[in-house]
Amino acid sequence: MASSVAFSHDFAFDPAYGYDAPDALLGIPAPPAPDGFDAFWRDRCARARSVDTRPVLGPVEEERDGVRIHGVSYTSVGGVRLGGWLALPAEGPVRYGFVVGHGYGGRQEPGRDLPAPLPGAAVILPCVRGMGERGRVDGIPDLAAEHVLHGIGSRDTYVIGDCAADLWCAASALTALVPELAEAGLPDGPRLGYLGESFGGGLGALALPWDDRFGAAQLTVPTFGNHPLRLTLPCAGSGEAVRAHHREHPEVGDVLAYFDAATAATRLTLPTLVAAALFDPSVPPPGQFAVHNALAGERELQVLTAGHFAYRGMVAEAAELDANRTRFFGERLTAVG
């Protein structure tokens, strides 16, 4: 099937959804917030910030790119114990701190998220509940199409809210383990950076508006943007499971309204770099652009040719995004000390 951005593919739908340039995508709005949206998220953040995360730093598992990579574990809301990795500078003091969210499917290793955008950074790479070997939790599915439906019957039980809390608790674990970052969020204290792609991008949009420890963010092909629109768009990602469930249980639309990354972005005042794709079979581009368009603070956009899809030129675009990321955070985060 031909695509409006000139890719040949075997999908039964157009992963560009009829859009062939950013202009029309830049007009896609965010849905209005449901009643109690802000109070719901502020309360969840406050409860997560009150958790004693009791982080444990494991031995060095790998050293590369100027960092030593340790295993790490910490406690999140509900007493759930999660794992991941913590990268620390191999030489010199910590100057910055980052939390890095992963895509749907979890994280099996630190991967290309290291090294961090800025030298001298301490980076925590958590595995949120249910995702990856270090994020396994009894009773929570580890397959994206099942995970995305877990607890969806209520805003208070939906797993996506707890996954956002896992990021807040990861930030707490990072600042507990790295004394240089202990005053993150306090007056004149350092601010953390956040990086998230796909699932991690959507979670970042949901989590960041409520946490003053962060100073800048990058969201790459973020999911969960404009659920009412997403429910009309076929895809090959976890959104298709949500669409199928919604057809049988339309009442879940009321729950999804509290987990809309574009709606949350209307509250996100941090400087934010968004990388959004024109063609993406897994995360429909209209939802990605809805997150960018809704941002309440300083925003910067890099348009990608495609997301979740291999294409000629993707290595060069990724290198351009890496360079933009380094510049963006370097201009907006102040080094410790």
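In the predicted model, the buried residues of helix α2 pack against three other helices, namely α4 (159-177), α5 (199-207) and α9 (261-265). Helix α2 itself comprises 13 residues, numbered 37-49. From the first C-alpha to the last, α2 reaches 18 Å, close to the 18 Å expected at 1.5 Å a residue. The residues of α2 that are buried are F37, F40, W41, R44, C45 and A48. Viewed down the axis of α2, these buried residues fall within an arc of 125°, and they therefore line one face of the helix. In general, an α-helix has 3.6 residues a turn, so residues three or four places apart point the same way.

A buried arginine was also found in helix α7, which spans residues 238-248. This residue, R243, has a relative accessible area of 12% and counts as buried because that value is under 20%. The side chain of R243 forms a polar contact of 2.9 Å with the side chain of E240. When neighbours within four places in sequence are set aside, R243 is in contact with R230, L231, T232, L233 and P234.

Helix α10 (residues 285-294) contains Q288, a residue that is buried at 0% relative accessibility. The side chain of Q288 approaches the backbone at two positions. One of its polar atoms lies 2.8 Å from the backbone nitrogen of A277, and the side chain of Q288 also reaches the backbone oxygen of V283 at 2.8 Å. Both A277 and V283 appear among the contacts of Q288 beyond four places in sequence, which further include V221, P222, A275, A276 and D280.

Key. Residues are numbered from 1 along each chain as its sequence is written. This is a predicted model: local features need pLDDT of at least 70, side-chain atom pairs count only at pLDDT 80 or more; totals for chains, interfaces and linings use all residues. Side-chain values use heavy atoms; hydrogens and water are left out. Helices (H or I, at least four residues) and strands (E, at least two) are DSSP runs, numbered from the N terminus. The expected span of a helix is 1.5 Å times one less than its number of residues. Buried means under 20% relative accessible area, exposed over 50%, partly exposed in between (1.4 Å probe, protein chains only). The arc is that of the directions from the helix axis to the C-beta atoms. Contact means heavy atoms within 4.5 Å. A polar contact is a pair of N or O atoms within 3.5 Å; within protein, one must be able to donate a hydrogen and the other to accept it, and residues adjacent in sequence count only if both atoms are side-chain atoms.
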